[in-house]
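Dear colleague,

I am passing on to you the structure that I have been looking through, together with some notes on what turned up in it. Please look at it first, and then read on.

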Amino acid sequence: YVKEITRDIKQLDHAKKNLTSSITTLNHLHMLVGGVDSLTLLTKRRQYGEVANLLQGVLNVQEHFDRYMSIPQIKQLSDRVKQIQGELGTQIQADFEEAFQGAGAKYGPGNQRQLKEACLVVSVLDPRVKKDLLNWFVKLQLSEYLVLFGENQDVAWLDKIDRRYAWIKRTLVDFEEKFGHLFPSDWEVSERICVEFCDLTRKELSKIMTKRKVEIDVKLLMFAIQRTTNFETLLAKRFTGVTLQEFQGKKSVSVAQPTSNPFEEESSNPFESDMENEEKTQSDDNKDNEKDTSSPFGGIISQCFETHLDIYIDSQDRNLSELVNRFLEDLRQFGTPRMESEDSSNVLPSCADLFVFYKKCMVQCSQLSNGQPMIDLTRTFQKYLKEYSNRVLLNSLPKQSKEGTSSASGILQSILKEGEITKFTEEEQCRICSILCTAEYCMETTQQLEEKLKEKVDPGLTSQIDLNPEQDTFHNVISSCIQLLVQDLETACEPALTAMSKGSTTGVTIFSNKNDFISDFSLKYRQIPLVSNTLLINTNYLSFRSLTVITNTLFYILIFYDHRFNLCGQIKNDLLLDTHSLKTVLLDLPSLGSQVIRKAPASYTKIVVKGMTKAEMILKVVMSPHEQPQGFVDNYIRLLSDSDINEFQKVLEMKGLRRGEQSNLLEIYRARIPISSILGSANDQTPVTSAPDQESSRIRKLEKLIKKRL
């Protein structure tokens, strides 16, 4: 019984639903039929305002009949709607052509209200109708431009390129005043006119520059590029680039619409603004590096100049050549600056001028292209980095005197011959130190330049940018400076070494004080710019390390090559005190002659302690008894585990042992450590783990160079 009741209710529900659907469909059908008839009448009368509202409603109602298209009457109504849409598109296109190209076009369209309403109808029609209408209108606005600036016209050449941009500014201002209100704002007609103008200009400039390339010089090229980039910057401020998205898929940047027409004012030079604001905006760029902040109009015209940037590169090559020659002339005329204060950078002003010029060129070129021209510019940079290193820095170093000494063995020969040794003058010392500081600055700045170039260039070309060879050339300059400073330090300390080599005990004090050698040694350190406070402040860890190598080398000269000492108890104890005093002088170097006490870097202290400790160990071995050969050799190996057979033999010579005694001890040493010499050679190249790998590698090269000279 219940099922029978519910069955009846369900039937009633279905009937009600079907009845409601039928009534709704009949209402929609009535609306569709009436709408089609009304559209036909309104279209003939060109009442576009009413057509726009009615057409959208008819299209919405028609969607309800999509599933009934199999019914002939419904299909006929649908076809009639499509026919009306086609007629509207053709009729509106004809109305615009008549208004802007007809008999009365020179007085302007008299039916502007009708055309404005027609644009509302076009927005409802198929998008292709809007596209065709806009393409026609944009080409109409630019038809005069193609005639005025044809490639056979005088104003078409690069020297009058700003007239092109002045023309489009006037055209856009005129369009906005007369016809801007006709088109819906979302059509972005002004932007479309600008985009088409840019496309035409790029093509026309490419053709004319190809035909007249021989007439282009760098001044004319840069003038055209500057004016063009100014115009592109102006477009980026005025428009959003939304129309570029439609055709090119480029990302746009949201830019607030100005309240007044910006084409009446000139924009600032993008080259200058980029140079002035690069440092200020660097931190902001790092924070927003994931955002696309590039201008949608950047390069839209100026990319046509990319194929002619070889003219710019060649010009910069000539400018850099003149710049390097000027640096050389300034050095010859004015010499190197004196180091007068601790705050002085002690670098040649020319190196800053060089890298400022590089930065300007890099910014200019990167605004035009991030492709092959940037690689070509990098090659030019590399060329003149080497020129600056070799011609300006290396060739400006004072030459080694033929009468002077260039190695420790030269000093020893001079000591034995008691000849005159020529020292560098104070001016020459300042020049060497200034060039050393300059080379260090250039080496660091070259690495930063490489990083900046890789940021500017296309990611696929970064592998072609490598400035390591240029950094090596500056490292070679540093090595040459160190060699000269080693020579000068050796020469300065030669009188003290001569006095010690002759065994003079005049002026040697008892235990608690330094002897004349150490006092003279400390005085020489203060006088030589290499260890002066100014240089210690302004040079990096490399100079500290090379300084320690020099000092240790000189002390080993004193120990290994002094045959005139009998090593009596007094002299032995004084020699140990001298070693300790010399280590103290080295550790106090960062504060010598300074009003501010500076703590030496931990890495520097470690090297000084390590080097001077070895000297102390050698002295202890020399002073130890040798009556028990096995015990003497064991003690030597314990104190000097990284030694070799040659060093062991020199220690035996210092002790004044006879040949037979030396041979016996050498046999024991060889039997005790048969491969000691090999291990000793390997230990000389042990890297310093506390320093960065790259810096440590350079330091080791320098050490090997100095040791090789000894």
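The notes below take up the nonpolar cores and then the salt bridges.

Please keep in mind throughout that this is a predicted model.

To begin with the interior, the largest nonpolar core has 127 residues, and those with the most contacts inside this core are Phe-96, Phe-305 and Tyr-388. If you would like a place to start looking, Phe-96 touches Leu-115, Ala-118, Cys-119, Leu-133, Trp-136 and Phe-183, where residues up to four places away in sequence are not counted. There is also a second, separate core, which has 20 residues and includes Val-621, Ile-637, Phe-648 and Ile-668.

Turning to the charged side chains, the count comes to 24 salt bridges, and three of them are described here, one after another.

In one of these, the side chains of Lys-75 and Asp-79 meet, with 3.1 Å from N to O. Both residues lie in helix α3, which covers residues 72-101, and they are 4 residues apart, or about one turn of the helix. Lys-75 counts as partly exposed, at 37% relative accessibility, and Asp-79 also counts as partly exposed, at 35%.

Another salt bridge is formed by Glu-151 and Lys-207, whose closest N and O atoms are 3.9 Å apart. Because Glu-151 lies in the loop between α5 (127-148) and α6 (161-178), whereas Lys-207 lies in helix α7 (residues 189-211), this pair ties together parts that are 56 residues apart in sequence. Glu-151 is partly exposed, with a relative accessible area of 31%, and Lys-207 is partly exposed as well, with a relative accessible area of 40%.

What, then, of Asp-159 and Lys-160, and is each of them buried or partly exposed? The side chains of these two residues meet in a salt bridge, at 3.4 Å from N to O. Asp-159 counts as partly exposed because its relative accessibility is 36%, while Lys-160, with a relative accessible area of 17%, is buried, since buried means under 20% relative accessible area.

Finally, some salt bridges share partners, and in this way Glu-151, Glu-204, Lys-207 and Lys-211 are joined into one network. When you come to view the Glu-151 and Lys-207 pair described above, you may therefore wish to display Glu-204 and Lys-211 alongside it, as the pair belongs to that network.

With best wishes

Key
Residues numbered from 1 in each chain as written. Predicted model: local features only at pLDDT ≥ 70, side-chain atom pairs only at ≥ 80, totals over all residues. Heavy atoms only, no water. Core = buried A, V, L, I, M, F, W, Y, C linked by side-chain atoms within 4.5 Å. Buried < 20%, exposed > 50% of the residue type's maximum accessible area, 1.4 Å probe, protein only. Contact = heavy atoms within 4.5 Å. Salt bridge = Lys/Arg side-chain N within 4 Å of Asp/Glu carboxyl O. Helix = DSSP H or I, 4+ residues; strand = E, 2+ residues; numbered from the N terminus.
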